[in-house]
Amino acid sequence: MNHQTYMTRCLELALKGAGNVSPNPLVGCVIVAGDAIIGEGYHHAFGQAHAEVNAVRSVLEKFGEEQGNQLLREATVYVNLEPCAHFGKTPPCADLLVRHGVKAVLIGNRDPFEAVNGKGIEKLQQAGIQVQWGIEEGACTWLNRRFFTRIRRQRPYIILKWAQTANGLFAPRDGAQRWITGREAKRLVHQWRAEEDAVLVGKGTALADRPLLTVRETAGRNPVRILVDRQLGVPATNPIMNTEARTLILNENKTDVEANLHYIAMEDMQFYLPQKIAYQLYLMDIQSVIIEGGIQILNLFIEAGLWDEARVFTGPQSWEAGLEAPHLQGRLLEQLEVGADELNIYKNPSL
């Protein structure tokens, strides 16, 4: 069997759940018998059936109970993450595969979550099922980098995003709003927002740009909006305060819930702010966040080394004056043209 081909298909399926499964991982499942795919499934949304359940169901629906169960007993199951072994929102997937007596299970990653971590593999092996893991492990790890970061580092996966001019300027010095990138870049940013749990800006960005931080240019759900506003200086009339999305306001004075606005008081925000924000979001099961500005917030996370990816647009225009864009030491992962703009994606080399 071509393990790479089938595991790659698992990843393609898993990715369909992006933006809907958090804080669960992205998981796809492919069932193979006689060198042919007989069933597929993926985890569609948090609280719903897992990938293995949907894949087994697809076999039974396609072939009927009798023939489907016969095929499953001779089948090899490919799944990019270790089948769960505990009762959570749904029953254990390892038990399902044991019950149907599949011949083999090939796994991309072991699950680092304490309630699973090797226990799913152990259940399968005890039932006499052949188990192998580490299939296309690198690709599987990259797909679920947000999940693994939350479990292993007790913080969300942090993405820095900004735009800069061709001569490296970030914004006008007078705080005025001035666009650097084109419409194609804007659409891509909205797509990114739909894929992540949250998007964060500081008070200065909220006042200068008056952003909605929604996904108007693409399909998908709006992320949680996070506003860092120590002294609550952003007025209720600002677009970030509207009712389109749940909004967290991190401040030093107030803890309260007013409709979709959640005020969260944090002590001494002038000290270790990135670390405090990261831990607060972890406690709220926010698995990933895009930090969109302003420059002070971005630089604080860069100085703390507290970031995983940076997505930097460079527009074609140059300005005579302005604030200098952030500087970071990152490993270049990808360079793309987005309309008239250039997009560089970096990874934190220390992680």
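This report walks through a helix pair, a cavity, a pocket, some annotated sites and a few backbone details. The model is a predicted one, so every value below is computed from it.

**A pair of helices**

Let's start with two helices, α10 (residues 273–283) and α11 (residues 295–303). Two packed helices are described by the angle between their axes and the distance between the axes. Here the axes come within 8 Å of each other and cross at roughly 90°. Angles of 65 to 115 degrees count as roughly perpendicular, and α10 and α11 are therefore roughly perpendicular to each other.

Which residues of α10 and α11 meet? From α10 come Leu273, Pro274 and Ile277, and from α11 come Ile297, Leu300 and Phe301. Sorted by class, this contact has six nonpolar residues, with no polar and no charged ones.

**An enclosed cavity**

Two residues of that contact, Ile277 and Phe301, turn up again in the lining of the largest cavity. A search of the whole structure finds one cavity of 30 Å³ or more, and the largest cavity holds about 30 Å³ of space. Along with Ile277 and Phe301, its lining is made by Pro156, Ile158, Leu200, Ala278, Leu281, Val289 and Ile291. The elements giving two or more residues to this lining are α10 and β13 (288–293). Of the elements, α10 gives the most, with three residues. What classes do the lining residues of the largest cavity fall into? They divide into nine nonpolar, no polar and no charged.

**An open pocket**

Next comes the second largest pocket, with about 620 Å³ of space. There are 32 residues in its lining, and the closest to its centre are Leu15, Arg145, Arg146, Glu195 and Arg311. Several elements each supply at least two lining residues: the helices α6 (137–143), α7 (145–153) and α8 (183–195), and the strands β14 (309–314), β16 (331–338) and β17 (341–347). The lining of this pocket divides into 16 nonpolar, seven polar and nine charged residues.

**Sites from the UniProt record**

UniProt, in an unreviewed entry, gives the feature "binding site" for two groups of residues, taken here in turn. The table sets them side by side.

| Residues listed by UniProt | Spread in sequence | Largest C-alpha distance |
|---|---|---|
| Ala163, Trp179, Thr205, Asp209 | 47 residues | 13.4 Å |
| His50, Cys84, Cys93 | 44 residues | 9.2 Å |

Ala163, Trp179, Thr205 and Asp209 cluster in space although they are spread along the sequence. His50, Cys84 and Cys93 likewise cluster in space. To find one member of each group in the structure, look for Ala163 in strand β6 (residues 157–164) and for Cys84 in the loop between β3 (76–81) and α4 (93–99).

**Backbone details worth a look**

Most residues other than glycine have a negative phi, and most peptide bonds are trans. Against that background, a few places stand out. The peptide bond from Ser22 to Pro23 is cis, with omega near 5°, and Pro23 sits in the loop between α1 (3–14) and β1 (28–33). Another cis peptide bond joins Gly293 and Gly294, with omega about 5°. Gly294 belongs to the loop between β13 and α11.

Where is Gln154 found? Gln154 is in the loop between α7 and β6. Its phi is near 55°, a positive value in a residue other than glycine.

Conventions:
Residues numbered from 1 in each chain as written. Predicted model: local features only at pLDDT ≥ 70, side-chain atom pairs only at ≥ 80, totals over all residues. Heavy atoms only, no water. Axes fitted to C-alpha atoms, helices over the stretch in contact; angles between N-to-C directions. Helix = DSSP H or I, 4+ residues; strand = E, 2+ residues; numbered from the N terminus. Parallel < 35°, antiparallel > 145°, perpendicular 65-115°, else oblique. Contact = heavy atoms within 4.5 Å. Nonpolar A, V, L, I, M, F, W, Y, C, P; charged D, E, K, R; others polar. 1 Å grid on protein atoms, 1.4 Å probe; cavity = no way out; pocket = protein on both sides within 12 Å on 5 of 7 lines; lining within 4 Å. Points joined across faces, edges and corners; volume = space filled by probe spheres on them. UniProt positions renumbered as here; feature names shortened; annotations may be inferred.
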